[in-house]
Amino acid sequence: MLCLLSPDTVVPAAHPARRIKVLADEALAGLSAEFDRMYSEVGRPSIPPERLLKATVLMALYTVRSERLFCEQLGYNLLFRWFLDMDMIEPSFDPSTFSKNRQRLIEADIAKQFFARVVELAKSGNLMSDEHFTVDGTLIEAWASLKSFKKKEGSDEKGPPDDPGNPTVDFHGEKRSNETHESSTDPQARLARKGSGKEAKLAYSGHALMENRHGLLVDLHIAEANGRAEREAALQMMDDELPGDRPITLGADKAYDTRDFVEQCRTRNVTPHVAQNQNARRRSAVDGRTTRHPGYAVSQRIRKRVEEIFGWVKTVANFRRTRYRGRARTQLAAYFVGAAYNLLRIAKLVPTPEAA
C-alpha cells in the first residue's frame, strides 16, 4: 500500500503548536547570520542549528526528560517532525548531536540571544509592561548527589567503596559546609536550602524577572546558591534588562527586605515594592513612603504570579533538577526553558494569523 502523507496534514489547524512554531521561526530568523559564523561551509553535513534549538523548546513544552528519549520519539512523533520541518522518511538525529553542539552554543551565547529575540516579540506585540516588574528566586537542584559532597583536600577517603556505583556513606556526626566541602561531580554546585526546616541539597539558584502586565519572563538567571544570591541577581538583572530612563517598580517578597537592597533600588530610580519583613528583631527597610501608595498593594498581589512561572518551569519543563553539570550549561538550559514559557504565553495571548 502506498500512501502520500505530509506531517502538516496530521497536525490540527487549531493546534497551539502551530502558533508557537510561527513565533519560534520568527525569533530564529534573526539569528541566521550568527549561525553562519558558527558553522563551517565545508566538512560533513550537520544538523541545522535551528532544529536543535526548536528541539530543545519541544522538550520543555512536552516534558521530555532527555535528549535520547526525544530522538527516540522523533522517529514516530509526527508533530515533532512537523515542528522541526522534517519529512516522513528523514531519519532522526543522534542524541550525541546535542552534546557535541552544546559548547558551541555556549561560546556564541546563542541561548541568551534566542531568549532575547522571544522577549522582543512580546515587546513588539505590546504584551510587556515597561514600568512594573517582579523578581523572585528559587533553587534548581544540581545533577549531583550528597554522596559526592566531600572534603576539598580529599582527606575523608577511607579506602575503596563497597559498591563503586552506589557506595555506603555515613554522614552522622560530620559537619559539612561549602567552605570545607565540594561536590566531586559538580564542583560549582553549592549546598543550600530554601528555608528554615527544609533539607539542604546541592543546587544552583534560579532567578526570574517578570513583567507585571501578562506575567512574561524578562530574564531567567542562574547563579551560585548562597545567602546573597537573590538580591545580587536582582540588581544584576535590573542593570542588564530594565530601562533606566523612567521610574519603575519592582515587586518582591520579604527576603529582599534589607536596607542595602532597598537603597540600591532607589539609586537606580526603582521603587522597591518589597514585602515588609515582620520581624521583631529589626525594622523593615520599606517605610510609608512606599507602602502608602495604592500601587504597592497591586504589586504585592501581582508578584505572586512569578510562582506560576516557577511551577511551570519545574513541572512541565522538567527543570526542577538540571540535567547538566556546571553553571554555564545550566544557564543554557534555563534560557531555552524561559523561551519556551514565553512562546507558550505569547501564543495564548495573541493567536498568530499565519497559523490559522
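**Exercise 1. Describe the place of K54, starting from its burial.**

K54 is buried, with a relative accessible area of 3%; buried means under 20% relative accessible area, exposed over 50%, and partly exposed in between (1.4 Å probe, protein chains only). The model is predicted, so local features need pLDDT of at least 70 and side-chain atom pairs count only at pLDDT 80 or more, while totals for chains, interfaces and linings use all residues. Residues are numbered from 1 along each chain as its sequence is written, and side-chain values use heavy atoms, with hydrogens and water left out.

Step 1. Find the element: K54 is in helix α4. Helices (H or I, at least four residues) and strands (E, at least two) are DSSP runs, numbered from the N terminus.

Step 2. List the contacts, where contact means heavy atoms within 4.5 Å. Not counting residues up to four places away in sequence, K54 touches K21, A24, D25, L28, F83, L84 and D85.

**Exercise 2. Describe how helices α13 and α14 pack.**

Step 1. Choose the quantities. Two packed helices are described by the angle between their axes and the distance between the axes.

Step 2. Give the values. The axes of α13 (residues 306-315) and α14 (residues 327-349) come within 11 Å and cross at roughly 115 degrees. Axes are lines fitted to C-alpha atoms, for helices over the stretch in contact, and angles run from 0 to 180 degrees between N-to-C directions.

Step 3. Give the hand. The crossing of α13 past α14 is right-handed. A crossing is left-handed if the near helix is turned anticlockwise from the far one by less than a right angle, and right-handed if clockwise.

Step 4. Name the residues. I309, W312 and V313 of α13 meet V337, A340, Y341 and L344 of α14.

Step 5. Sort them by class. Seven are nonpolar, with no polar and no charged residues in the contact of α13 with α14. Ala, Val, Leu, Ile, Met, Phe, Trp, Tyr, Cys and Pro count as nonpolar, Asp, Glu, Lys and Arg as charged, and the others, Gly among them, as polar.

**Exercise 3. Count the cavities and describe their linings.**

Step 1. Set the rule. On a 1 Å grid over the protein atoms alone, a cavity is a set of points where a 1.4 Å probe fits but cannot get out, and lining residues have an atom within 4 Å of a point. Grid points are joined across faces, edges and corners, and a volume is the space filled by probe spheres set on the points.

Step 2. Count: there are two cavities of 30 Å³ or more.

Step 3. Take the largest cavity, which holds about 270 Å³ of space. Its lining has 21 residues, and T56, E67, R323, Y324 and F336 lie nearest its centre. At least two lining residues come from each of α4 (49-61), α7 (96-108) and α14. The largest share, five residues, is from α4. By class, the lining of the largest cavity has 14 nonpolar, three polar and four charged residues.

Step 4. Take the second largest cavity, with about 50 Å³ of space. T138, I140, G206, L220, I222, F310, V313, F319 and A334 line this second largest cavity. Two or more of these residues come from each of β1 (132-141), β6 (217-224) and α13. The lining of the second largest cavity divides into seven nonpolar, two polar and no charged residues.

**Exercise 4. Locate two residues with positive phi.**

Step 1. Recall the background. Most residues other than glycine have a negative phi.

Step 2. Take D109. Although D109 is not a glycine, its phi is positive, about 60 degrees. D109 lies in the loop between α7 and α8 (110-124), and is partly exposed at 37% relative accessibility.

Step 3. Take N269. Also not a glycine, N269 has a positive phi of about 65 degrees. The loop between α10 (259-267) and β8 (270-274) holds N269, which is partly exposed at 36% relative accessibility.

**Exercise 5. Place E34 and R231: buried or partly exposed?**

Step 1. Take E34, in helix α3 (residues 32-38). At 16% relative accessibility, E34 counts as buried. Leaving aside neighbours within four places in sequence, E34 is in contact with A108, I110 and Q113.

Step 2. Take R231, in helix α9 (residues 229-241). R231 is partly exposed, with a relative accessible area of 23%. Neighbours within four places in sequence aside, R231 is in contact with A255, Y256, T258 and F261.

How values were computed
On a 1 Å grid over the protein atoms alone, a cavity is a set of points where a 1.4 Å probe fits but cannot get out, and a pocket is an open set with protein on both sides within 12 Å along at least five of seven lines; lining residues have an atom within 4 Å of a point.
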